[in-house]
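Colleague: I am new to this model. Please take me through a single part of it, closely and step by step.

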Amino acid sequence: QVQLVESGGGLVQPGGSLRLSCAAFGSIFSIRPMGWYRQAPGKQRELVASLTTGGRTNYADSVKGRFTISRDNAKNTVHLQMNSLKSEDTAVYYCNLAGPIVKLSGREYWGQGTQVTVSS
């Protein structure tokens, strides 16, 4: 069985910081690259950061230099440190495999996500 539980979102002013956490239950999450996605209102979900088990990272241009993804395999957690937040970072943030999304009963599985709102 698999489960993803995201937390750490909230309301923050422009220029502020947040640290998101994802508890990933299921062995597949410890052996595959992980990613953070976000979905803003009216937009498609997009991958903003990914991290391989070997430590290689990749970031969307829109967050490069501001966001940092990390993982703690011993605790089955993935984090996203977000600095210098902008209003355009407002979205629901999800973690999942970086690549083919995990499926349950043939359907993509997503956690509940965590809302990040950047506003003054």
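Modeller: What follows is a close look at one cavity and the strands around it, with a short walk to a second sheet at the end.

The model is predicted. Start with the cavity. The structure holds 1 cavity of 30 Å³ or more. The volume of this largest cavity is about 70 Å³.

Which residues line the largest cavity? Early in the chain come Ala-24, Gly-26, Phe-29 and Ser-30. Further along come Arg-71, Asp-72, Asn-73, Asn-76, Thr-77 and Val-78. By type, the lining divides into 3 nonpolar, 5 polar and 2 charged residues. Three elements each give at least two residues to the lining: α1 (28-31), β7 (67-72) and β8 (77-82).

Now place those strands. β7 and β8 belong to an open sheet of 4 strands. Its order is β1-β3-β8-β7, and the pairing is antiparallel. The edge positions go to β1 and β7; each has a single partner strand, so one side of each is left without a neighbour in the sheet. On average, neighbouring strands here are turned by 15° against each other, direction ignored.

Go across this sheet strand by strand. β1 covers residues 3-7, and 5 bridges join β1 to β3. The two run antiparallel. Ser-7 stands opposite Ser-21 in β3.

Next is β3, residues 18-25. What sits on its covered face, and what on its uncovered one? The covered face has Leu-18, Leu-20, Cys-22 and Ala-24. The uncovered face has Arg-19, Ser-21, Ala-23 and Phe-25. The two sets interleave along the strand, because in a regular strand the side chains alternate between the two faces of the sheet. Ala-24, from the covered face, is also one of the residues lining the cavity. Ser-21, the residue opposite Ser-7, is on the uncovered face.

On to β8. It is joined to β3 by 6 bridges, and these strands run antiparallel. Ala-23 stands opposite Thr-77 in β8. Thr-77 is itself part of the cavity lining, while Ala-23 is on the uncovered face of β3.

β7 comes last in the order. Another 6 bridges join β7 to β8, again antiparallel. Here Phe-67 stands opposite Met-82 in β8. Arg-71 and Asp-72 are among the cavity-lining residues, and β7 spans 67-72.

Now the second sheet. This one is open too, with 6 strands in the order β2-β12-β9-β4-β5-β6 and mixed pairing. β2 (10-12) and β6 (57-59) stand at its edges; each has a single partner strand, so one side of each lacks a neighbour in the sheet. Neighbouring strands of this sheet are turned by 25° against each other on average, direction ignored.

Look inside at β4, residues 34-39. 6 bridges join β4 to β9, and the two run antiparallel. Met-34 has Leu-97 as its bridge partner in β9.

Beyond β9 (91-97) lies a loop leading to β10 (103-104), and Ala-98 is found there. Is Ala-98 buried or partly exposed? Ala-98 is partly exposed, because its relative accessible area is 22% and buried means under 20%. Ala-98 and Met-34 are 64 residues apart along the chain, yet their C-alpha atoms are separated by 4.6 Å. Leaving out residues up to four places away in sequence, Ala-98 touches Pro-33, Met-34, Gly-35, Tyr-37 and Ser-50. So Met-34 appears twice: as the bridge partner of Leu-97, and among the contacts of Ala-98.

Terms used. Residues numbered from 1 in each chain as written. Predicted model: local features only at pLDDT ≥ 70, side-chain atom pairs only at ≥ 80, totals over all residues. Heavy atoms only, no water. 1 Å grid on protein atoms, 1.4 Å probe; cavity = no way out; pocket = protein on both sides within 12 Å on 5 of 7 lines; lining within 4 Å. Points joined across faces, edges and corners; volume = space filled by probe spheres on them. Nonpolar A, V, L, I, M, F, W, Y, C, P; charged D, E, K, R; others polar. Buried < 20%, exposed > 50% of the residue type's maximum accessible area, 1.4 Å probe, protein only. Pairing = 2+ DSSP bridges. Axes fitted to C-alpha atoms, helices over the stretch in contact; angles between N-to-C directions. Contact = heavy atoms within 4.5 Å.
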